[in-house]
Amino acid sequence: MICFNRLAVGTCRAVLAAAAASICVAAPALADVSCPLSITVSQALTAPVADWTEGAESLPTELSGLTVFDGPPEELASLVPDGDSETDKTATEFWTLAANPRGYWITCRYSSTTVTLTRRLPDSATRCEVVREKEIAFIGGQKAVRSMACSP
């Protein structure tokens, strides 16, 4: 969640930062949930391979996908997006989240790794949205994510 925008006037920056910080602290249950746009991982062979030397590519591990689940992810109840829209440069998918006693969970997937991040959404979340670049793709064809958020 971005609590304040960059401002050119120094005095306004301090006032807005303090106000925004108090809002963020006062209402954490209503905060947006966003997957980190990139993560740092360390991958290695679990056992050496005879006659081969292990190496590693330095590829970025950037957000490449999102799955929304009805209930815990281990139950495999992933949801299909409720809709989508497009502009010249982006494609947007969204999920509308009705009240659910089981709760909703998200799993963030990243390029160039099998590492994922998963968390339960706050009960206040009513919508998740992912915006992808139409002209930028990762190895494997998944379109690059420009932004992602689940919010009340």
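This is a short talk on the sheet, the disulfides, the salt bridges and a few surface residues of one predicted model.

Okay, hi everyone. Please keep in mind throughout that we're looking at a prediction.

Let me start with the sheet. It's an open one with four strands, in the order 2-3-6-7, and the pairing is antiparallel. At the edges you find strand 2 and strand 7, the latter covering 143–151; each has a single partner strand, so one side of each has no neighbour in the sheet. As for the twist, neighbouring strands here are turned by 15 degrees against each other on average, if you ignore direction. For anyone who wants the reminder, strands in a sheet pair through backbone hydrogen bonds, parallel or antiparallel.

Let's zoom in on one edge. Strand 2 pairs with strand 3 in the antiparallel sense, and four bridges hold that pairing in the assignment. If you want a spot to click on, try Asp84, which stands opposite Glu93 in strand 3.

Next, the cysteines. How many disulfides does a search of the whole structure find? Two. And yes, that's the covalent bond between the sulfur atoms of two cysteines.

Take Cys35 and Cys108 to begin with. Their disulfide has an S to S distance of 1.9 Å. The link is left-handed, with -80 degrees about the S-S bond. Now look at where the two ends sit: Cys35 is in the loop between helix 1 and strand 1, while Cys108 is in strand 4, so this pair ties together parts that are 73 residues apart in sequence. Buried or exposed, these two, Cys35 and Cys108? Both are buried.

Then there's Cys128 with Cys150. Here too we have a disulfide, with the sulfur atoms 1.9 Å apart. This link is right-handed, though, at 110 degrees about the S-S bond. It brings us back to the sheet, in a way: Cys128 is in strand 6, residues 127–137, and Cys150 is in strand 7, with their positions 22 residues apart in the chain. Cys128 has a relative accessible area of 0%, and Cys150 comes in at 1%. The cut-off for buried is under 20%, so both of these cysteines count as buried.

Right, on to charges. The salt-bridge count comes to six, and I'll talk you through some of them.

My pick is the group around Arg102. Asp70 makes a salt bridge with Arg102, and their closest N and O atoms are 3.1 Å apart. Asp70 is in strand 1 and Arg102 is in the loop between strand 3 (90–96) and strand 4 (104–110), so the bridge ties together parts that are 32 residues apart in sequence. Arg102 also meets Glu75 in a salt bridge, at 2.7 Å from N to O. Glu75 is in the loop between strand 1 and strand 2, so that's a tie between parts 27 residues apart in sequence.

How accessible are they? Asp70 is partly exposed at 24%, Arg102 is partly exposed at 37%, and Glu75 is partly exposed as well, at 43%.

Another of the bridges joins Asp123 and Arg120, at 3.4 Å from N to O. Asp123 is exposed, with 65% relative accessibility, whereas Arg120 is partly exposed at 35%. Going back to the earlier group for a second: Asp70, Glu75 and Arg102 are joined into one network by salt bridges that share partners.

Now some surface details. Leu45, Val49 and Trp52 make up a nonpolar patch on the surface, and together they have about 360 Å² of accessible area. Leu45 sits in the loop between helix 1 (10–26) and strand 1 (63–70), and it's partly exposed at 47%.

Last topic, backbone angles. Most residues other than glycine have a negative phi. Which way does Asp51 go, positive or negative? Positive: phi of Asp51 is near 70 degrees. Asp51 is in the loop between helix 1 and strand 1, and at 82% relative accessible area it's exposed. Leu76 also has a positive phi, near 60 degrees. You'll find Leu76 in the loop between strand 1 and strand 2, and it counts as exposed too, at 69%.

That's my tour, thanks for listening.

Key
Residues numbered from 1 in each chain as written. Predicted model: local features only at pLDDT ≥ 70, side-chain atom pairs only at ≥ 80, totals over all residues. Heavy atoms only, no water. Patch = residues over 30% accessible without salt bridge, like charges linked within 9 Å, V, L, I, M, F, W, Y side chains within 5 Å. Areas by Shrake-Rupley, 256 points an atom, 1.4 Å probe, with all protein chains shown as cover. Salt bridge = Lys/Arg side-chain N within 4 Å of Asp/Glu carboxyl O. Buried < 20%, exposed > 50% of the residue type's maximum accessible area, 1.4 Å probe, protein only. Pairing = 2+ DSSP bridges. Axes fitted to C-alpha atoms, helices over the stretch in contact; angles between N-to-C directions. Disulfide = S-S within 2.5 Å.
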